[in-house]
Amino acid sequence: MAIGSGETAPGPRNETEPAEAAPAPIPTVIDAPPQQGRPTEPATLTAQARSALAIVSTEPGRFGAYTRKQQLGFAVIGAFALLGAATVVVAAAQWFRHLPFMLDFLIAYPGEYHLPENATPGFPAWVQWQHFFNVFLMVLIIRTGLQVRSEKRPGAFWTPKWSKKGKGKISLALWFHQSLDVLWLINGVVFFVLLFATGHWIRIVPTSWEVFPNALSALLQYISLNWPAENGWVNYNSLQQLMYFLTVFLAAPLAAITGVRMSELWPKDTKTLNKAYPIEWARAVHFPVMLYFTVFIVVHVALVFATGALRNLNHMYAGTDVVNWAGFWIFFVSLLIIVGGWIAARPLVLAPIAKLSGKVTGR
């Protein structure tokens with residue numbers, strides 16, 4: 001017999017003795033073959049293992065298998081690693097920029113080029129208002145976009161008034177996200193019209209191929225912590241100009257066309273159009289574009305404060321090139337409005353507004 005079959009081999013016995021009943025086979029997990037036609041059942045955890053896993057998963061302060069102290073340790077190690085890497089990059093940039101050929105390069109391309117003679121310095125009032133509306137809407141759009149991605153069980157739903165048999169039903173968070181998108185698109189159209197009608201476009205659209213070597217020069221100066229001269233009232237440096245151009249003329253349109261494709265505004269019954277522009281493409285692009293806007297806002301705000309906060313805030317919020325606290329206080333009030341909008345973006349406040357254009361339900 002096979003080892004582990006659960007049976008014992010019979011030994012010699014006296015013919016006069018009654019035959020003893022063979023012991024019943026004892027199945028084992030290791031050797032028992034699976035029955036034909038039935039999948040093998042996975043091994044189950046013992047009660048002790050289940051108890052240990054339950055303790056790990058329910059222990060307060062744990063994130064998976066790590067405690068808060070371990071997470072803090074990882075964060076400290078990561079911070080020192082980033083600091084060390086940044087130190088190496090800065091040191092390398094400082095060494096590189098002092099090489100003879102790079103010194104000549106920085107003299108030839110200081111980080112900006114001269115704008116055409118018809119360029120007007122300063123920031124008109126419409127730019128200041130557009131800047132505030134754009135920041136306000138963009139912050140809430142990013143917030144609601146992340147909420148829509150992470151929301152598993154929405155607390156409320158919105159159905160449009162013109163819906164037939166409940167079609168077009170979406171979560172209240174998605175309704176708010178798409179409503180903000182519409183306002184952002186309207187604000188963008190107004191911005192584009194005024195940008196070209198007033199000639200302010202010349203501030204953010206490159207007009208010379210010198211923008212590229214000057215942008216490289218400005219980047220090297222930033223990395224080496226010997227930053228280029230800031231004179232945004234008259235002219236952006238070339239790296240700033242390129243980033244503003246990419247944000248306004250590439251990232252914003254990408255966010256718009258991918259957002260429309262994913263929204264309820266897109267016609268669902270046009271098979272040819274849907275095949276030419278699959279929704280999977282829109283989803284693959286829309287989220288990275290949102291991440292780009294997030295990084296752009298963080299870096300932009302950091303540089304505003306690091307390169308002369310009072311003067312820079314006066315440029316965009318007070319419309320003046322002097323250094324005083326006027327722009328700061330206007331900026332502070334705008335922050336309060338943004339924070340208020342962030343806090344108010346909840347079903348208790350949104351539901352009455354959403355009911356003006358549809359039906360709000362809990363399911």
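This is a short talk on the helices, the small sheet, the aromatic pairs and the charged side chains of one protein model.

The model is predicted, so please hear every value as computed from it. The protein has twelve helices and three strands. Of its 363 residues, 31% are buried. If you take the contacts with a separation of 6 or more, residues 24 or more positions apart account for 69% of them.

I will start with the strands. The three of them form an open sheet, in the order S2-S1-S3, with antiparallel pairing. Strand S2, residues 170-171, and strand S3, residues 358-361, are the edge strands, and each pairs on one side only. Strand S1 covers residues 157-160, and two bridges join it to S2. Which residue of S2 is the bridge partner of tryptophan 158? That is isoleucine 170.

Two residues from this part of the sequence come up again in a charge-over-ring arrangement. Lysine 169 lies over the face of phenylalanine 157, at 5.1 Å from the ring centre. Elsewhere, arginine 143 does the equivalent with tryptophan 342, lying over the face of that ring at 5.2 Å from its centre.

Now the aromatic rings. The count comes to 29 aromatic pairs. I will show two. Tyrosine 244 and phenylalanine 296 are edge-to-face, with 6.2 Å from centre to centre and 75° between the planes. This pair links distant parts of the chain: tyrosine 244 is in helix H7, residues 238-262, phenylalanine 296 is in helix H9, residues 279-306, and they are 52 residues apart. Are these two residues buried or exposed? Tyrosine 244 has 16% relative accessibility, so it counts as buried. Phenylalanine 296 has 17% and therefore counts as buried too.

The second pair is phenylalanine 245 with phenylalanine 249, which is tilted, at 5.0 Å centre to centre and 35° between the planes. These two phenylalanines are four residues apart in helix H7, so about one helical turn separates them. Phenylalanine 245 counts as partly exposed because its relative accessibility is 28%. For phenylalanine 249 the value is 25%, so that residue is partly exposed as well.

Tyrosine 244 and phenylalanine 296 also belong to a cluster linked by ring pairs. The other members are Phe123, Trp184, Trp233, Tyr236, Tyr292 and Phe293.

Next, charges. How many salt bridges does a search of the whole structure find? It finds one. Arginine 311 forms it with aspartate 321, and the closest N and O atoms are 3.0 Å apart. Arginine 311 lies in helix H10, residues 309-318, and aspartate 321 lies in the loop between H10 and helix H11, residues 326-344, so the salt bridge ties together parts that are ten residues apart in sequence. Arginine 311, at 27% relative accessibility, counts as partly exposed. Aspartate 321, at 28%, counts as partly exposed too.

Back in helix H7 there is arginine 261. Arginine 261 is buried yet has no salt bridge. The nearest side chain of opposite charge belongs to glutamate 280, and the distance is 6.2 Å. The cut-off for a salt bridge is 4 Å, so at 6.2 Å glutamate 280 does not qualify as a partner. What does arginine 261 touch, leaving aside residues up to four places away in sequence? The list is Trp266, Asn274, Tyr277, Pro278, Ile279 and Ala282.

A few words on H10, the helix that holds arginine 311. H10 is mostly covered, with seven of its ten residues buried. Those are Ala309, Asn312, Leu313, Asn314, His315, Met316 and Tyr317. They pack against H9, H11 and helix H4, residues 125-150. Just after H10 comes glycine 319, with a positive phi of about 65°.

A positive phi also turns up in a residue that is not glycine: leucine 225, with phi near 65°. Most residues other than glycine have a negative phi. Leucine 225 sits in the loop between helix H6, residues 211-223, and H7. With a relative accessible area of 57%, leucine 225 is exposed.

That is the end of the talk.

Note on methods. Residues numbered from 1 in each chain as written. Predicted model: local features only at pLDDT ≥ 70, side-chain atom pairs only at ≥ 80, totals over all residues. Heavy atoms only, no water. Pairing = 2+ DSSP bridges. Phe/Tyr/Trp six-rings, centres within 6.5 Å; stacked < 30°, edge-to-face > 60°. Buried < 20%, exposed > 50% of the residue type's maximum accessible area, 1.4 Å probe, protein only. Lys NZ or Arg CZ within 6 Å of the ring centre and 35° of its normal. Lys, Arg positive; Asp, Glu negative; His and termini not counted. Contact = heavy atoms within 4.5 Å.
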